[in-house]
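Please examine the sequence and the structure shown below before reading on. The paragraphs that follow lead from salt bridges to helices and then to single residues.

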Amino acid sequence: MTAQLRSAITGVGGYLPPDIVTNDALSRIVDTSDEWITERTGIRERRRAADDVAVSDLAVEAARRALAAAGRRAEDVDLIIVATTTPDLTFPSTAAIVQRKLGCGTGIAFDVQAVCSGFVYALTVADGFVGRGHSQCALVIGAETMTRLMDWSDRGTCVLFGDGAGAVVVEPVMGEGKTSDRGLLGFALRCDGTKQDLLYVDGGPSTTGTVGKLRMIGNQVFRHAVINISEAVESAAAQAGVTIPEVDWFIPHQANERILKGVANRLGLEEHKVIQTVAIHANTSAASIPLALAHAVEDGRIKPGSLLLMEAMGGGLTWGACVVRL
């Protein structure tokens, strides 16, 4: 084996806005119930950002916590990648706004748009900078205000989503080219644009001139998720040189309890290895994986050296997986 520069996660942080919206609260505005939502999705509550809070504000809070965990300051950051489908503005990028609000110096900053798969995409994009020595301290952030895309008369979608942000600090570390190295070990990214109509927003600057509302054919998304995510996971694991049973913790996109269990079962993953937080914040799109990661780091389950498997599927359809040793 030869020495190899790796992109290691050195700090993790998550942030949820304080306003909790329970299933019972939703039942007062749409034809649904706590029992109906919980049974079909596993979701019990979600967070909703205040009207005067932008997605960049959520991202900044998560970033500050990640930087503190890594022992870094805003001045150290030379790269910011924000995965979001609900940006503050059409332009500039939310990453540029986060850079300003954090007080970082001049550096690289841009957004990645892969919807729920955004964090996995963004982490692998960051590897192209950090793993080649072009960045010494990167912030990779997943941040969303998904409640602003909801049609509150559509009980099939409005009950599923919430707001929040999660962030990681990524720094270069020298490894030995082994699976025991810290850092990103393998990944697989996919997109099938022919499946666009299964999950999309019906608006945009160059079409309707409006933000639009989220539309989804849930049963078909579920079917594609279980099959396609499993293939990407196996591909990422093969690239990393690890087997599925070697994985310490499975951190899936927190979309729906049924999808989480379906993918885990298909992969043969033991249930106690699955990090599940969908009940407390619902589907936060690109924020859900780093939020789940932060939750499990904070409660002590995930420790330095843990082998992590992350995966997601989102509109596009996009999907992907990555293997990381913390």
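Is D192 buried, partly exposed or exposed? In this predicted model, D192 has a relative accessible area of 22% and is therefore partly exposed. Its salt-bridge partner is K195, with the closest N and O atoms 2.8 Å apart. K195 is likewise partly exposed, at 23% relative accessible area. Elsewhere, R73, E75 and D76 are joined into one network by salt bridges that share partners.

The count of salt bridges comes to 13. One of them joins D181 to R6, whose closest N and O atoms lie 3.2 Å apart. This pair connects distant parts of the chain, since D181 sits in the loop between β7 and β8, R6 belongs to strand β1, and 175 residues separate them. D181 is buried, its relative accessible area being 6%, and R6 also counts as buried at 8%. A further salt bridge, between E231 and R190, has its closest N and O atoms 3.0 Å apart. Here helix α7 is linked with strand β8 across 41 residues of sequence. E231 is partly exposed at 36% relative accessible area, and R190 is partly exposed at 25%.

Helix α7, which covers residues 218–240, also contains N228. With a relative accessible area of 18%, N228 falls under the 20% limit and so counts as buried. Beyond its neighbours within four places in sequence, N228 is in contact with M313 and W319.

Attention now turns to two other helices. The 16 residues of α3 should span 22 Å at 1.5 Å a residue, and the end C-alpha atoms are 23 Å apart, which agrees. Among the buried residues of α3 are V55, L58, A62 and L67. The buried residues of this helix pack against β1, α4, β6 and β7. After α3 comes G71, with a positive phi near 70°. Helix α4 spans residues 94–102, and its buried residues include I97, V98 and L102. They pack against α3, β4, β5 and β6. Just after α4, G103 adopts a positive phi of about 85°.

The last stop is L293, a residue of helix α10. L293 is buried because its relative accessible area is 0%. Leaving out residues up to four places away in sequence, L293 touches I9, V12, V168, I251, I302, L308 and M310. From T90, by contrast, L293 is separated by 203 residues in sequence and by 29 Å in space, C-alpha to C-alpha.

Note on methods
Residues numbered from 1 in each chain as written. Predicted model: local features only at pLDDT ≥ 70, side-chain atom pairs only at ≥ 80, totals over all residues. Heavy atoms only, no water. Buried < 20%, exposed > 50% of the residue type's maximum accessible area, 1.4 Å probe, protein only. Helix = DSSP H or I, 4+ residues; strand = E, 2+ residues; numbered from the N terminus. Contact = heavy atoms within 4.5 Å. Expected span 1.5 Å × (residues − 1). Salt bridge = Lys/Arg side-chain N within 4 Å of Asp/Glu carboxyl O.
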